[in-house]
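Thanks for coming. I will go through one structure, starting with a ring pair and then moving along the helices and the links between them. Please have the viewer open.

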Amino acid sequence: MDSDLFSRRRAERFAQLLDEANGGRRHHVRSRADEELAALVAVSRRLTADRPDVEVDTEFRTGLRAMLVATAEREGVTAPAKTGVRGSLLPAITGRRARARGAILVGVAAGAIALSGISAASENAVPGDALYGMKRSTERAQLALASSDISRGQLFLDFARTRLDEAATVHDDRLGFSAVLDDMDADTRQGVRLLTTVAAQRSDPAALDAVDTFLGGQRRAVSGLLDRSDHADRDRTRRSLALLDAAGRRADALREAIACGLPAPAASDALGPAPTTCPGDR
């Protein structure tokens with residue numbers, strides 16, 4: 001199957017074939033790709049007729065719906081809030097373009113649902129496992145579906161906790177241990193930066209509560225890694241602890257700046273906005 005399967009022309013023809021397969025009017029146009037597309041139509045009909053016995057949790061359904069609605073809106077398709085996705089994605093666009101876009105959205109949804117079982121099976125995968133790549137891909141999908149910078153920031157901090165759990169499973173592999181802590185620190189920076197940025201932009205310290213909660217538990221857990229006998233691993237662990245300390249100082253400084261009415265800081269670094277000192281503290 002060549003790489004231009006979902007070019008506009010093929011997508012439109014695929015939509016026509018789906019129409020015909022579902023009892024719609026016949027289209028007298030024929031395409032060189034019909035034989036290839038017919039195989040996909042057959043798969044679509046089998047998926048519709050024999051739905052897999054898979055439990056999909058509410059969070060996944062909500063995230064998938066948000067993704068489809070966002071895609072539809074980006075493509076210029078309206079989706080009224082009261083009617084839901086079914087029946088509301090396509091009426092705003094008529095003709096071949098609507099059917100083509102609808103076919104693509106159906107394909108995205110079917111693919112996501114098909115992968116959801118593999119995603120669930122990968123939740124406990126650790127570096128070196130066959131499903132670890134799927135686990136990380138699922139995390140990236142969660143970030144893509146997040147509705148706000150606060151949600152994305154919290155997700156990054158959750159992933160940093162996950163990396164810490166993984167570090168305990170690779171304690172006999174120095175390179176693997178260091179690599180997992182590198183990823184953990186990267187997730188920590190991303191999460192802290194997003195949350196501190198929101199706090200500074202809104203002049204509201206509420207977003208910093210998630211940072212404080214994360215730091216409290218994460219410091220204790222990372223400190224537990226210092227019991228490792230290897231000197232190099234202890235040095236690497238101390239660098240992660242130093243990052244957590246820096247994040248705590250940044251959150252505290254932002255709280256103070258917001259409390260004394262300073263404007264959003266112009267300077268920024270890997271941990272987000274870098275506030276100046278309140279006038280009374282100078």
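Start in helix H6, residues 149-169, with Phe 156 and Phe 159, which are three residues apart and so separated by about one helical turn. Before going on, please note that this is a predicted model. The two residues form an aromatic pair, and the structure holds one such pair. The geometry of Phe 156 and Phe 159 is edge-to-face, with 6.4 Å centre to centre and 80° between the planes. Are these two rings buried or exposed? Phe 156 counts as buried because its relative accessibility is 13%, under the 20% cut-off. Phe 159, at 5% relative accessibility, also counts as buried.

Staying with H6, consider the helix as a whole. It has 21 residues, which at 1.5 Å a residue should span 30 Å, and its end C-alpha atoms are 31 Å apart, so the two values agree. The two phenylalanines have company: the buried residues of H6 also include Gly 153, Leu 155, Leu 157, Ala 160 and Leu 164. Charged residues are on that list too, among them Arg 163 and Glu 166. What covers the buried residues of H6? The cover includes H5, H7 and helix H8, residues 208-224.

At the start of H6 there is a salt bridge. The side chains of Asp 149 and Arg 152 meet there, at 2.9 Å from N to O. Both residues lie in H6, three residues apart, about one turn of the helix. Asp 149 counts as partly exposed, at 32% relative accessibility, and Arg 152 is partly exposed as well, with a relative accessible area of 24%.

Next is helix H5, residues 132-145. H5 has 14 residues and reaches 20 Å from its first C-alpha to its last, close to the 20 Å expected at 1.5 Å a residue. Which residues of H5 are buried? They are Tyr 132, Lys 135, Arg 136, Glu 139 and Leu 143. Seen down the axis of H5, these buried residues fall within an arc of 95°, so they line one face of the helix. Their cover includes H6 and helix H7, residues 174-202. H5 and H6 therefore appear in each other's cover: H6 is part of what covers the buried residues of H5, and H5 is part of what covers those of H6.

Now to salt bridges in general. Side chains of opposite charge can pair when their charged atoms come close. How many salt bridges does the structure hold? The count is 15. Besides the one in H6, I will show two that join H8 and H9.

In one of them, the side chains of Arg 255 and Asp 212 meet at 2.8 Å, N to O. Arg 255 lies in helix H9 and Asp 212 in helix H8, so the pair ties together parts that are 43 residues apart in sequence. Arg 255 is partly exposed, with a relative accessible area of 26%, and Asp 212 counts as partly exposed at 32% relative accessibility.

In the other, Asp 245 pairs with Arg 219, and the closest N and O atoms are 3.1 Å apart. This pair also links distant parts of the chain, with Asp 245 in helix H9 and Arg 219 in helix H8, 26 residues apart. Asp 245 is partly exposed at 33% relative accessibility, as is Arg 219, with a relative accessible area of 29%.

Some salt bridges share partners, and these join Lys 135, Arg 136, Glu 139, Arg 163, Glu 166, Asp 183 and Asp 187 into one network. Several of these names have come up already: Lys 135, Arg 136 and Glu 139 are among the buried residues of H5, while Arg 163 and Glu 166 are among those of H6.

The last item is a covalent link. A search of the whole structure finds one disulfide. It is formed by Cys 260 and Cys 278, with their sulfur atoms 2.1 Å apart. Where do the two cysteines sit? Cys 260 is in the loop between helix H9, residues 231-259, and strand E1, residues 268-269. Cys 278 is in the segment after strand E2, residues 272-273, and the two cysteines are 18 residues apart. With -80° about the S-S bond, the link is left-handed. Cys 260 counts as partly exposed, at 35% relative accessibility, whereas Cys 278, at 9%, counts as buried.

Technical notes. Residues are numbered from 1 along each chain as its sequence is written. This is a predicted model: local features need pLDDT of at least 70, side-chain atom pairs count only at pLDDT 80 or more; totals for chains, interfaces and linings use all residues. Side-chain values use heavy atoms; hydrogens and water are left out. Rings of Phe, Tyr and Trp (its six-membered ring) pair if their centres lie within 6.5 Å; planes under 30 degrees apart count as stacked, over 60 as edge-to-face and the rest as tilted. Helices (H or I, at least four residues) and strands (E, at least two) are DSSP runs, numbered from the N terminus. Buried means under 20% relative accessible area, exposed over 50%, partly exposed in between (1.4 Å probe, protein chains only). The expected span of a helix is 1.5 Å times one less than its number of residues. The arc is that of the directions from the helix axis to the C-beta atoms. Contact means heavy atoms within 4.5 Å. A disulfide is a pair of cysteine sulfur atoms within 2.5 Å. A salt bridge is a side-chain nitrogen of Lys or Arg within 4 Å of a carboxyl oxygen of Asp or Glu.
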